[in-house]
Amino acid sequence: MHASERVLSIAANVARVQERIRQAAQRAGRDPASVRLVAASKTVEVARIRAAVAAGVRIVGENYVQEARRKIGQLGRTTVEWHLIGTLQRNKVRYVFDLFDMIHSVDSVLLAEELNRRAARLGRTMPVLLEVNLAGEATKSGFRPHDLPAALERLAGLTHVQVRGLMTIPPPTPTAEEARPFFRALRELRDQLQRQSGGELELAELSMGMTADFEVAIEEGATLVRIGTAIFGPRPGG
Ligand SMILES: *Cc1c(COP(=O)(O)O)cnc(C)c1O
């Protein structure tokens, strides 16, 4: 495919994904505006991200600080929101304030504390989501559900980190339908944590659902869907 054809297909892909988001929301009796698309653009070069933005993408999700830094340097920060959706190492925390509007992947209290320290020094506040490892996979980072109440208590004391909700990446399943129990579990966990806090906590965001299963995630309450392949095509080597 020529570069110009790829750019055209990105515009068509964005339109198709937005339509599928709208239909899934309507099926679930939800306002389509309550679901925001995050274009997951790891390994995707800047020209193709620009095409997605021209087609209406408003949030770009990157996995790696270094890669994001290079791309944001070229695309700028103002036309879209940039979200970090990949694992953040504590020694990279100092870079995130110039790059990201939200971090989906806070996976430990120590990381949140480091973010808070840096944010306080800069006079900033960072909105974050807590990544939850629902299936207890050893290879995946994230909070175990039973550790969340204690973690949230510690995070409540951090004045420069704002916990806005939860994020999860379920284990791969053969069909989208088989991912539903994980999405439902994240929503129920959120509801339970809010209830237990007696109205203190507001965890409005649920970041869940990718190309293979985002419609099911929307039916279960996703407010942020992170979609790469359906917009940009298959990634090299993946
Ligand atoms: C790559 C990635 C996505 C997008 O995955 P697709 O299957 O290509 O839609 C979503 N979330 C995270 C954390 C990712 O790393």
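**Questions on a ligand site and selected residues**

Reader: As what does Ala-12 count at its relative accessibility of 34%?

Author: In this predicted model, Ala-12 has a relative accessibility of 34%. Buried requires a value under 20% and exposed a value over 50%. Because 34% falls in between, Ala-12 counts as partly exposed.

Reader: Which residue, 219 residues apart from Ala-12 along the chain, has its C-alpha atom 8.5 Å from that of Ala-12?

Author: Ala-12 has its place in helix α1, which covers residues 3–27. Its partner stands 219 residues away along the chain, yet the two C-alpha atoms are separated by 8.5 Å. That partner is Ile-231.

Reader: To which backbone oxygen does the side chain of Asn-13 reach?

Author: Asn-13 is found in helix α1. With 14% relative accessibility, Asn-13 counts as buried, because the cut-off for that class is under 20%. Its side chain comes to 2.9 Å from a backbone oxygen, and that oxygen belongs to Ile-231.

Reader: How far apart are the C-alpha atoms of Val-17 and Ala-135?

Author: Val-17 is also found in helix α1. Its relative accessible area is 1%, and therefore Val-17 is buried. Along the chain, Val-17 and Ala-135 are 118 residues apart, and their C-alpha atoms are separated by 28 Å.

Reader: Which residues surround the ligand?

Author: The shell divides into 5 nonpolar, 4 polar and 3 charged residues. In order along the chain, the residues around the ligand are Ala-40, Lys-42, Asn-63, Ile-85, Ile-169, Met-210, Thr-211, Arg-226, Ile-227, Gly-228, Thr-229 and Arg-235.

Reader: What share of the ligand's own accessible area does the protein cover?

Author: Several protein atoms lie at short listed distances from oxygen atoms of the ligand: a polar side-chain atom of Asn-63 at 2.7 Å, a backbone N or O atom of Gly-228 at 2.8 Å, and a polar side-chain atom of Thr-229 at 2.6 Å. On its own, the ligand has 390 Å² of accessible area, of which the protein covers 89%.

Reader: Which pocket corresponds to the space taken by the ligand?

Author: The ligand has residues such as Lys-42 and Met-210 around it. The space that the ligand takes is itself a pocket, namely the largest pocket.

Reader: What is the phi of Thr-43?

Author: Thr-43 is found in the loop between β1 (36–40) and α2. Thr-43 is partly exposed, with a relative accessible area of 45%. Most residues other than glycine have a negative phi. Thr-43 is not a glycine, yet its phi is positive, at about 70°.

Reader: Which residue with a positive phi follows helix α2?

Author: Helix α2 spans residues 46–54, and its buried residues are Val-46, Arg-48, Ile-49, Ala-51, Ala-52 and Val-53. After α2 comes a residue whose phi is positive, near 120°, and this residue is Gly-56.

Reader: How far is the C-alpha atom of Gly-237 from that of Ala-52?

Author: Gly-237 has its place in the segment after α9 (229–232). At 95% relative accessibility, Gly-237 counts as exposed, because that class begins over 50%. Ala-52, in contrast, is one of the buried residues of helix α2. The two residues are 185 residues apart along the chain, and their C-alpha atoms are separated by 22 Å.

Reader: With which side chain does the side chain of Thr-223 make a polar contact?

Author: Thr-223 has its place in the loop between α8 (214–219) and β8 (224–227). Its relative accessibility is 11%, so Thr-223 counts as buried. At 2.5 Å, the side chain of Thr-223 makes a polar contact with the side chain of Glu-205.

Reader: What is the C-alpha to C-alpha distance between Arg-187 and Met-167?

Author: Arg-187 lies in helix α7, residues 180–196. Its relative accessible area is 23%, and therefore Arg-187 is partly exposed. In sequence, Arg-187 and Met-167 are 20 residues apart, and in space their C-alpha atoms are separated by 9.9 Å.

Methods
Residues are numbered from 1 along each chain as its sequence is written. This is a predicted model: local features need pLDDT of at least 70, side-chain atom pairs count only at pLDDT 80 or more; totals for chains, interfaces and linings use all residues. Side-chain values use heavy atoms; hydrogens and water are left out. A residue is near a molecule or strand if one of its heavy atoms lies within 4 Å of it. A polar contact is a pair of N or O atoms within 3.5 Å; within protein, one must be able to donate a hydrogen and the other to accept it, and residues adjacent in sequence count only if both atoms are side-chain atoms. Accessible areas come from the Shrake-Rupley method with a 1.4 Å probe; for residues, only the protein chains shown count as cover. On a 1 Å grid over the protein atoms alone, a cavity is a set of points where a 1.4 Å probe fits but cannot get out, and a pocket is an open set with protein on both sides within 12 Å along at least five of seven lines; lining residues have an atom within 4 Å of a point. A molecule sits in a cavity or pocket if more than half of its atoms lie within 2 Å of its grid points. Ala, Val, Leu, Ile, Met, Phe, Trp, Tyr, Cys and Pro count as nonpolar, Asp, Glu, Lys and Arg as charged, and the others, Gly among them, as polar. Helices (H or I, at least four residues) and strands (E, at least two) are DSSP runs, numbered from the N terminus. Buried means under 20% relative accessible area, exposed over 50%, partly exposed in between (1.4 Å probe, protein chains only).
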